[in-house]
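Good morning, and thank you for making time for this presentation. Please keep the sequence and the model in view while I go through selected regions.

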Amino acid sequence: MNRIFSPFLDKFVVVFIDDILIYSRTEEEHGKHLHQVLEVLHEKKLYANLSTCKFWLENVNFLGHVITKKGIVVDPAKIETVLTWKQPQTITCIRSFFGLAGYYKRFIEVLVLPKPKEPYEVYCDASHQGLECVLMQHKKVVASPQDN
């Protein structure tokens, strides 16, 4: 699905496995986008199950995002989850936090996008109570668990 819709991805289409989401700013634009997507499905001999399709919705919650005619934003509840994440106590919990924070960091102002080929600094504080760490790059926070 990603391959056949690649010209439309991040412009007006989001695909997850076999779910296709078409988003547009106006109804006229949406009609054109819908036509383009249906045309591609027809060319590839793929069919939609119309009983599961929904058309012309004002806003949609999809994979942790809210899509409206103004654009795509992350679901505020997901950001709240990252901001109120309990202090990780194990390596597995730290990895989980970094995985989630890695995705949502572009939606949370205090975290910056890392530059993968540039060095990182990890500031840690370990005690009998737990482990606190902050991943930084160029003196800016890339990922950090929130204190509670």
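Which residues does H33 touch, if residues up to four places away in sequence are not counted? The answer is F12, I22, Y23 and S24. Before going further, I should state that this is a predicted model.

Let me give the overall organisation. The protein chain comprises three helices and eight strands. Read from the N terminus, the order of its elements is β-β-α-β-β-β-α-α-β-β-β. The chain has 148 residues, and 30% of them count as buried. As for contacts between residues at least 6 apart in sequence, 42% join residues at least 24 apart. The accessible surface amounts to about 10,800 Å², with 56% of that area belonging to carbon and sulfur atoms.

I return now to H33. This residue sits in helix 1. H33 has a relative accessible area of 10%, and because buried means under 20%, it is classed as buried. One of its contacts, S24, deserves its own description. S24 is located in the loop that runs between strand 2, residues 19-22, and helix 1, residues 27-43. With a relative accessible area of 14%, S24 is buried as well. Its side chain makes a polar contact of 2.7 Å with the side chain of H33, and another polar contact, of 3.0 Å, with the side chain of H30. Leaving aside residues up to four places away in sequence, S24 touches E29, H30, H33 and K69.

The next region is the set of strands in the middle of the list. Strand 3, residues 59-62, and strand 4, residues 65-68, run antiparallel and are joined by four bridges. Within this pair, N59 has T68 of strand 4 as its bridge partner. The two strands form a hairpin with two residues between them, and there L63 adopts a positive phi near 55 degrees. Strand 4 also pairs with strand 5, residues 71-74, again in the antiparallel sense and over four bridges. Here H65 is matched with V74 in strand 5. Strand 4 and strand 5 likewise form a hairpin, with two residues between the strands.

L63 also leads us to the surface. Together with F16 and I17, L63 makes a nonpolar surface patch of about 310 Å². F16 belongs to strand 1, residues 13-16. Is F16 buried or exposed? Its relative accessibility is 40%, so F16 falls in between and counts as partly exposed.

Finally, I turn to the loop between strand 7, residues 130-137, and strand 8, residues 140-143, where H138 is placed. The side chain of H138 forms a polar contact of 2.3 Å with that of E118. H138 and E121 are 17 residues apart in sequence, and their C-alpha atoms are 8.3 Å apart in space. K139 occupies a place in the loop between strand 7 and strand 8 too. K139 counts as exposed, because its relative accessibility of 64% is over 50%. The C-alpha atom of K139 is separated by 9.4 Å from that of Y120, a residue 19 places away along the chain.

To close, I would draw attention once more to S24, which is buried and whose side chain has polar contacts with those of H30 and H33. Thank you; I would welcome your comments.

Conventions:
Residues numbered from 1 in each chain as written. Predicted model: local features only at pLDDT ≥ 70, side-chain atom pairs only at ≥ 80, totals over all residues. Heavy atoms only, no water. Patch = residues over 30% accessible without salt bridge, like charges linked within 9 Å, V, L, I, M, F, W, Y side chains within 5 Å. Areas by Shrake-Rupley, 256 points an atom, 1.4 Å probe, with all protein chains shown as cover. Salt bridge = Lys/Arg side-chain N within 4 Å of Asp/Glu carboxyl O. Buried < 20%, exposed > 50% of the residue type's maximum accessible area, 1.4 Å probe, protein only. Polar contact = N/O pair within 3.5 Å; in protein donor to acceptor, adjacent residues only side chain to side chain. Contact = heavy atoms within 4.5 Å. Pairing = 2+ DSSP bridges.
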